[in-house]
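Let's take a friendly walk through one protein model together. Please have a look at the picture first, and then read on.

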Amino acid sequence: MAGGSILTQVGGKEYPGSFTLFVAMACLVASSGGLIFGYDIGISGGVTSMDSFLSKFFPSVYRKAKEDVSTNQYCKFDSQLLTLFTSSLYLAALASSFVASSLTRTSGRKWSMFMGGITFLIGAVINGLAINVFMLILGRILLGVGVGFANQSVPLYLSEMAPAKLRGMLNIGFQLMITIGILAANLINFVMSKYDWGWRVSLGLAGVPAFIITIGSLCLPDTPNSLIERGHAEQAKEILSKVRGTKDIQDEFNDLTTASEDSKLIKSQWKDMLEPRCRPPLVVTILVPFFQQLTGINVIMFYAPVLFKTIGFGDDASLMSAVITGVINVLATVVSIIVVDKYGRRVLFLEGGVQMLICQVAVGVLIGHAFGTSGVGELSKSYSMIVVGCICAYVAAFAWSWGPLGWLVPSEIFPLEIRSAGQTVNVAVNMFFTFIIGQVFLTMLCHMKFGLFFFFGGWVLIMTIFIFFFVPETKNVPIEEMILVWKNHWFWGKYISESDIHVENVEMIKKPHVKTP
Ligand code: BGC
């Protein structure tokens, strides 16, 4: 057992227990689901900038990029097939997240994680051994199915295992694993780009984190909530006692049982979600992942090496710059873990938005000044350093704001009975727009040129205004009291009727922490 004693709070109630080594280990293993997601995000950009990979699978793109030196810089890498390689994963993840949501419910979180791991493993092997574009894309799709299963089940597993007071921290732990996965991929690409067969190792190594989650999930116990839901009450009690590190769990166990019975009364989570009282969290859960992708972050994550090459960097410098942005991404996520419960979500969202906007305008101006609209030109060393500096400041801003909060906020604003459907909406919207950005970015760069940075900057402005007016602070608000936050909100208040509010909550409506801007 590790850590001091804490009281787990659910619905204004406090349960005894401590942060045990058991729960820490279980959450660590489960978080490796984030590692595989991150590895996939980071690996494709570096691989698609490797000459040996391009010449083998995309010879026409390779010729265009290499031989025609007069080619417009912005259009060097524009190829639908090349982008399909990157973005097919996200479409597969979107589709499988719906299947995963029912497997997660009927067979438990553990088996969804296992399914995620095993499909990943097969996808990694097919990609590593690929001899044609078909094998490449098939492998990518299988990795995507794995991502869909993992992203649906892992966050749910973490929040059900974690004591409520550590839920926010553990949730961002998942994002931290994503960023570590991206960084590992960038480093591996950097080393492997020196070898002709390097791309095979880069793609095949996705199997390592996949192996961890596959074996790990077999050793993990399922969550008490899921065990109760599936009729294994005794086993649930045993696990609950182990994860909380105390025999004194009857109170929490009874509440979990009641919550499970209540949730069985709901006929359809999807129908319930359309009720007026769910309008505020539903709109926020659709817009937050949509906006997260419209920050343009994955332009950097997927295509940093290609982007840096486009700007005129050499092969090594391009991959090195991707490693630097990867390190910044991890460190700034740690900042978020430290401050998110202290300063709140809104401060991070707003500061991050302003910082990203400034950086995007700066990069647009700098690149526009260097290449104009013709796309022909070269950057001096010091000029390139300034561009990289701005891109790093942009990544840092994302990593302590929209990165983690894009996953955290949608997970903490739905009422219990429709929270898992809410998570599916979150994953599906996120994956869909990740796919769109992955698919159209290189074409957009070719057509919009440096204006692309202003395009994403415009979206960042809109989303920052949206946060300011429409997203209330959720720091320290027990999820069950969220209804009061919406009720008190200047805009969302009209969707919440008196009958939606439980009698015991009425007094709380005057509490300072449920006051909204
Ligand atoms: C986003 C990913 C992004 C990553 C970058 C995640 O929160 O969902 O699309 O690549 O952050 O760290």
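What follows starts with the whole chain and then visits some of its parts.

**Ground rules**

This is a predicted model, in which local features need pLDDT of at least 70, side-chain atom pairs count only at pLDDT 80 or more, and totals for chains, interfaces and linings use all residues. Residues are numbered from 1 along each chain as its sequence is written, and side-chain values use heavy atoms, with hydrogens and water left out.

**The whole chain**

The chain has 22 helices and 2 strands. Here helices (H or I, at least four residues) and strands (E, at least two) are DSSP runs, numbered from the N terminus. Of the 517 residues in the chain, 58% are buried. Buried means under 20% relative accessible area, exposed means over 50%, and partly exposed lies in between (1.4 Å probe, protein chains only). The accessible surface comes to about 19,900 Å², and carbon and sulfur atoms account for 69% of it. Such areas come from the Shrake-Rupley method with a 1.4 Å probe, and for residues only the protein chains shown count as cover.

How are the contacts spread along the sequence? Among contacts between residues at least 6 apart in sequence, 79% join residues at least 24 apart. A contact means heavy atoms within 4.5 Å.

**A helix and its cover**

Helix α9 (residues 207-219) has 13 residues. From its first C-alpha to its last it reaches 18 Å, close to the 18 Å expected at 1.5 Å a residue; the expected span is 1.5 Å times one less than the number of residues. Which residues of α9 are buried? They are G207, P209, A210, I213, T214, G216 and S217. An α-helix has 3.6 residues a turn, so residues three or four places apart point the same way. The cover over the buried residues of α9 includes α1 (21-47), α5 (109-128) and α8 (198-204).

Helix α1 also holds V47, which is buried with a relative accessible area of 0%. Leaving out residues up to four places away in sequence, V47 touches F53, N189, W199, S202 and L203. V47 and N186 are 139 residues apart along the chain, and their C-alpha atoms are separated by 9.6 Å.

**A loop residue**

I266 sits in the loop between α12 (250-265) and α13 (269-272), and this residue is partly exposed at 21% relative accessible area. Apart from neighbours within four places in sequence, I266 is in contact with D272 and E417. The C-alpha atoms of I266 and I418 are separated by 8.7 Å, although the two residues are 152 apart along the chain.

**Salt bridges**

Side chains of opposite charge can pair when their charged atoms come close. A salt bridge is a side-chain nitrogen of Lys or Arg within 4 Å of a carboxyl oxygen of Asp or Glu, and the whole structure has 8 of them. The table gives some examples.

| Salt bridge | Closest N and O atoms |
|---|---|
| R277 with E275 | 2.9 Å |
| R345 with D341 | 3.1 Å |
| E498 with K487 | 3.7 Å |

E498 and K487 are 11 residues apart, with E498 in the segment after α22 (482-488) and K487 in helix α22. E498 is exposed at 58%, while K487 is partly exposed at 22%. R345 is buried, with 5% relative accessibility, and its partner D341 is partly exposed at 34%. R277 is buried at 16%, whereas E275 is partly exposed at 33%. D272, E275 and R277 are linked in a network of salt bridges.

**Cysteines**

How many disulfides are there? The count is 0, where a disulfide is a pair of cysteine sulfur atoms within 2.5 Å. Why is C359 not bonded? The closest cysteine sulfur, in C390, is 5.8 Å from that of C359, so the two are too far for a bond. C359 is buried at 8% relative accessibility, and C390 is buried at 15%.

**A nonpolar patch**

On the surface, L461, I465, F468, F469 and W490 form a nonpolar patch with about 520 Å² of accessible area together. Patches are made of residues with over 30% relative accessible area and no salt bridge; like charges are joined within 9 Å, and nonpolar side chains (Val, Leu, Ile, Met, Phe, Trp, Tyr) within 5 Å. F469 lies in helix α21 (residues 451-470) and is partly exposed at 39%.
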